[in-house]
Amino acid sequence: MAGGGGRTRCPPGALLGVVAVVVAAGWVRAEPKEEQSVDLIGKNEVYGDTRHEVNVYVKVFTNSPFLVCMDLALSQERVIDPNYLWIGPDGRDLQGQGYVNLTESGKLMVMGFMVSMSGAYTCTLSHKVVETTTQEETEIVEAYKFMVYAYREADHAYQVSVRFSTVHCRLKINDLFVDKLAKILSSTISYLNCHITESSYKCHSIRTPKNSLQYELFVNFLVNPFLPEWEEFCHKDPYDCEDVTNRKVQQAAERIGKFFHQLRHDLKHEFPTVPTIHYVDNSFSMTPIDSCRPGFGKNHHTHQNCASCCVVCGPGTYSPNNEVTCRTCASPQARMYGAKSCY
């Protein structure tokens with residue numbers, strides 16, 4: 001269309017389209033579908049795209065970035081008589097709602113994001129194009145859709161495996177040793193409100209290359225931040241509870257690692273009556289294990305750009321426990337986000 005007030009469309013390959021944005025604790029991580037503009041990150045803004053919906057991931061209890069009711073190309077032009085209509089997931093006009101910040105320029109921020117706020121946020125932008133010579137006005141209407149999902153950081157625990165040599169598998173002292181070891185380790189990390197759970201072991205006979213027979217205890221346990229009072233603690237301070245918890249369990253895991261690095265000294269002082277049990281050098285290993293809160297799960301296909309996040313379960317899916325996946329309902333009873341059951 002000719003005229004100084006007209007809009008020149010860029011070819012699809014030149015558009016800087018962002019397909020997903022992750023927001024956490026005041027910062028934004030943008031994941032590009034084609035190309036990426038660094039400006040999108042620094043301004044804490046996410047632009048729409050008329051060609052496809054834009055996925056946005058917002059950490060619970062934080063504010064979303066500003067959702068901009070236009071694409072990046074249009075934002076660089078003069079827009080005549082713009083009018084914006086924002087509709088939330090419940091189908092209501094968002095103008096005047098207390099939980100949103102809606103600017104005159106059509107930017108929307110959802111504040112204190114909760115699970116129930118997840119869903120489709122759509123904006124209809126109407127503006128005019130004025131032909132320069134005739135001053136003829138044409139109204140243009142464009143729609144932008146943002147799929148906004150609540151997410152949490154995964155909860156972390158650490159699976160520890162370690163081996164000890166022993167005189168024989170049928171010794172009662174083996175049980176006492178593993179039990180004592182778990183108590184010592186729990187005491188070592190108790191100041192971090194973490195503890196040792198699921199302590200177990202198996203004893204195996206091993207033939208060495210020199211044809212001698214030896215016995216080893218294969219010990220396993222979990223470094224766990226979830227003490228009985230954990231839920232009560234988190235209810236008092238839900239905004240950063242998972243961050244504090246994950247930081248503490250990481251510190252606990254590091255402390256356990258240091259313990260085994262100096263284990264020869266520790267065993268000498270803690271187990272002076274058990275000289276027959278020895279740490280097998282370099283047998284210590286530690287593996288992080290993630291879990292999600294009920295109502296959340298991971299999905300590498302649906303949420304590729306937030307693959308490490310625990311994203312709220314969508315309608316028709318649910319998660320009843322601390323697994324890392326959302327289950328599909330046999331029949332579509334669960335119509336809400338974050339369902340913990342299908343009913």
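Here are some worked exercises on the structure above.

The model is predicted: local features need pLDDT of at least 70, side-chain atom pairs count only at pLDDT 80 or more, and totals for chains, interfaces and linings use all residues. Residues are numbered from 1 along each chain as its sequence is written, and side-chain values use heavy atoms, with hydrogens and water left out.

**Exercise 1. The whole protein**

Task: Find how many helices and strands the protein has, and what percentage of its residues count as buried.

Solution:
- Begin with the elements, which are DSSP runs numbered from the N terminus (helices, H or I, of at least four residues; strands, E, of at least two). There are six helices and 19 strands.
- Next comes burial, where buried means under 20% relative accessible area, exposed over 50% and partly exposed in between (1.4 Å probe, protein chains only). Of the protein's 343 residues, 44% count as buried.
- Finally, look at contacts, meaning heavy atoms within 4.5 Å. Among those between residues at least 6 apart in sequence, 64% join residues at least 24 apart.

**Exercise 2. Two helices that cross**

Task: Describe how helix H3 (residues 172–189) and helix H5 (residues 241–261) are placed with respect to each other.

Solution:
- Start with the length of each helix, taking the expected span as 1.5 Å times one less than the number of residues. The 18 residues of H3 should span 26 Å, and its end C-alpha atoms are 27 Å apart, which agrees. For H5, 21 residues should span 30 Å, and the end C-alpha atoms are 30 Å apart, which agrees too.
- Now take the axes, lines fitted to C-alpha atoms over the stretch in contact, with angles from 0 to 180 degrees between N-to-C directions. The axes of H3 and H5 come within 10 Å and cross at roughly 130 degrees.
- Classify the angle: under 35 degrees counts as roughly parallel, over 145 as roughly antiparallel, 65 to 115 as roughly perpendicular and the rest as oblique. H3 and H5 are therefore oblique to each other.
- Add the hand, which is left-handed if the near helix is turned anticlockwise from the far one by less than a right angle, and right-handed if clockwise. H3 passes H5 in a right-handed crossing.
- List the partners: Leu181, Ile184, Leu185, Thr188 and Ile189 in H3 meet Ala252, Arg255, Ile256, Phe259 and Phe260 in H5. These divide into eight nonpolar, one polar and one charged, where Ala, Val, Leu, Ile, Met, Phe, Trp, Tyr, Cys and Pro count as nonpolar, Asp, Glu, Lys and Arg as charged, and the others, Gly among them, as polar.
- Check the burial. The buried residues of H3 include Leu181, Ile184, Leu185, Thr188 and Ile189, while those of H5 include Ala252, Ile256, Phe259 and Phe260.
- Recall the helix repeat: an α-helix has 3.6 residues a turn, so residues three or four places apart point the same way.

**Exercise 3. Positive phi**

Task: Say where Phe61 and Gln135 lie, and what their phi values are.

Solution:
- Phe61 sits in the loop between strand E4 (54–59) and strand E5 (66–68). Its phi is positive, about 75 degrees, although Phe61 is not a glycine. With 21% relative accessibility, Phe61 counts as partly exposed.
- Gln135 belongs to the loop between strand E9 (119–130) and strand E10 (137–152). Phi of Gln135 is near 60 degrees, again positive in a residue other than glycine. At 51% relative accessibility, Gln135 counts as exposed.

**Exercise 4. Two loop residues**

Task: Are Ser64 and Cys69 buried or exposed, and which residues do they touch?

Solution:
- Ser64 lies in the loop between E4 and E5 and is buried, with a relative accessible area of 1%. Leaving aside neighbours within four places in sequence, Ser64 contacts Asn44, Val58, Leu108, Met109 and Val110. Ser64 and Val148 are 84 residues apart in sequence, yet 8.7 Å apart in space, C-alpha to C-alpha.
- Cys69 is found in the loop between E5 and helix H2 (72–75). At 1% relative accessibility, Cys69 counts as buried. Not counting residues up to four places away in sequence, Cys69 touches Tyr84, Trp86, Gly106, Cys123, Thr124, Leu125 and Tyr144.
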